[in-house]
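I opened this entry to look up a few helix contacts and some backbone details. My notes follow in the order I took them.

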Amino acid sequence: MIDFPLSLLALPFAVAAGVGYVTLGAAPSVARRRLGRGVLLAATWGAPLATRGPGPVQLVMGLLVGFLGIRMVALANRWSEARRLPSPGRLAALMLLPDPLLVARREPLRRPRLVVARGLLAAALCVALLLAGNRLRLWHWSRFGDDLLVFAEVAIGAAGLHDLIVGLAALGGKQVRGLQDRPHLSSSLTQFWGRRWNRLVQGNLDRGFFRPWARRRSFTRGTLVAFAASGVMHVIAVLDAGPLAVTLGPAAAVMGFFMLHAALVLAERRFGSALRAESRHLLWLSRARTMVLFALLSPLLLDPFAAVANVHGRSLTPPPAQTSGYKN
């Protein structure tokens, strides 16, 4: 096991693996290309499991490495038909460039200073809720209630981050779409995951996993593969936070969250509930239904993440058994 802070070398390793993954597109043999890319992706996603460190650090590193695995597949598909690949240095830069966040807005942002102020206020509110949750320890009385508090913290924090991105970019003379598009207005889970939530991850999942499989096989397989890849990204962040005997159950819950959402998205497509509501009242009802359903399912994801990050004093193991912040 590689201890913290040397464990952070998993991040540059993932970038280097991404460069190799994309470069293999020039390999003359299809079998060699597929084998090499499979090994590099597996090595990237498995790298955090060979490390140990404080839970919050492991969580962030696992998410970043998991995302870089998704990113390398997206870049490889982007350059799949190119006659000449970018240089290794350019590919490394592309691995780190959050280009889905930098797509130009259709209309200029109004009052960017106000948007920045709103972002700062949301960030302050997120921190305040986190501190209040640490003090109240609501999970002692209601785990679900505490999960909803974490849900509110994540939603407010993401909204604040989005406002800061688009506001500061506008002040610098660049109009960008940013991280999200008012996810609370989603009238379906299909719209939530496909258009409104976390463009950085969604854009790379779409290019790297959904579109190739949906084009070659079917919408169903494309959806399942994309959600599975997103699940792997989040599962890594849980599995690398402690011994397998402790993290396997929470990791299974996280993967269950994503595969259940994949099933619901497919159900929406099958039964037509992903279509836009015809009336204003039905539209608001659809939005309320989507947010309530997401909130009810969110503990499958948020409970393990809160335990790994020690949010509100939680832990993957009972306090008497927890002797340090490092896994054995």
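I started with the contact of α10 with α11 in this predicted model. From α10, I listed Phe-257, Leu-260, His-261 and Leu-264, and they meet Leu-293, Phe-294 and Leu-297 in α11. Sorted by class, this contact has 6 nonpolar residues, 1 polar residue and no charged ones.

Next I looked up how the two helices lie. Helix α10 covers residues 244-271 and helix α11 covers residues 280-297; the angle at which they pack is about 155°, and their axes are 11 Å apart. Angles over 145 degrees count as roughly antiparallel, so I entered α10 as roughly antiparallel to α11. I also noted the handedness: α10 passes α11 in a right-handed crossing.

I then asked which residues of α7 meet α11. They are Leu-189, Phe-192 and Trp-193, and their partners in α11 are Thr-290, Met-291, Leu-293 and Phe-294. I counted 6 nonpolar residues, 1 polar residue and no charged residues in the contact of α7 with α11. Leu-293 and Phe-294 were already on my list for α10, and they appear again on the list for α7.

Helix α7 spans residues 189-196. Its packing angle with α11 is about 80°, and the axes are 9 Å apart. The range for roughly perpendicular is 65 to 115 degrees, and α7 and α11 are therefore roughly perpendicular to each other.

I stayed on α11 for one more residue, Ser-286, which is in that helix. Is Ser-286 buried or exposed? I wrote it down as buried, because its relative accessible area is 12% and the cut-off for buried is under 20%. I also looked up its distance to Ser-188: the two serines are 98 residues apart in sequence, and their C-alpha atoms are 6.7 Å apart in space.

I moved on to His-162, which I found in helix α6, residues 143-171. The relative accessibility of His-162 is 13%, so it counts as buried. What does His-162 touch, leaving out residues up to four places away in sequence? I noted Arg-177, Gly-178, Leu-179 and Gln-180. For Gln-180 I have a distance as well: its backbone nitrogen lies 3.3 Å from a polar atom of the His-162 side chain.

The last part of the entry is on the backbone. Most peptide bonds are trans, and most residues other than glycine have a negative phi. I looked for exceptions to both.

For the peptide bonds, I noted a cis bond that joins Phe-4 and Pro-5, with omega at about 10°. Pro-5 is in the loop between β1 (2-3) and α1 (10-23).

For phi, I noted Arg-111, which is not a glycine yet has a positive value of about 50°. I placed Arg-111 in the loop between α4 (88-96) and α5 (112-136). Arg-111 counts as exposed because its relative accessibility is 64%.

I added Asn-310, where phi is also positive, near 55°. Asn-310 is in the segment after α12 (299-308). Its relative accessible area is 33%, so I entered Asn-310 as partly exposed.

Notes
Residues numbered from 1 in each chain as written. Predicted model: local features only at pLDDT ≥ 70, side-chain atom pairs only at ≥ 80, totals over all residues. Heavy atoms only, no water. Axes fitted to C-alpha atoms, helices over the stretch in contact; angles between N-to-C directions. Helix = DSSP H or I, 4+ residues; strand = E, 2+ residues; numbered from the N terminus. Parallel < 35°, antiparallel > 145°, perpendicular 65-115°, else oblique. Left-handed = near helix turned anticlockwise from the far one by under 90°. Contact = heavy atoms within 4.5 Å. Nonpolar A, V, L, I, M, F, W, Y, C, P; charged D, E, K, R; others polar. Buried < 20%, exposed > 50% of the residue type's maximum accessible area, 1.4 Å probe, protein only. Polar contact = N/O pair within 3.5 Å; in protein donor to acceptor, adjacent residues only side chain to side chain.
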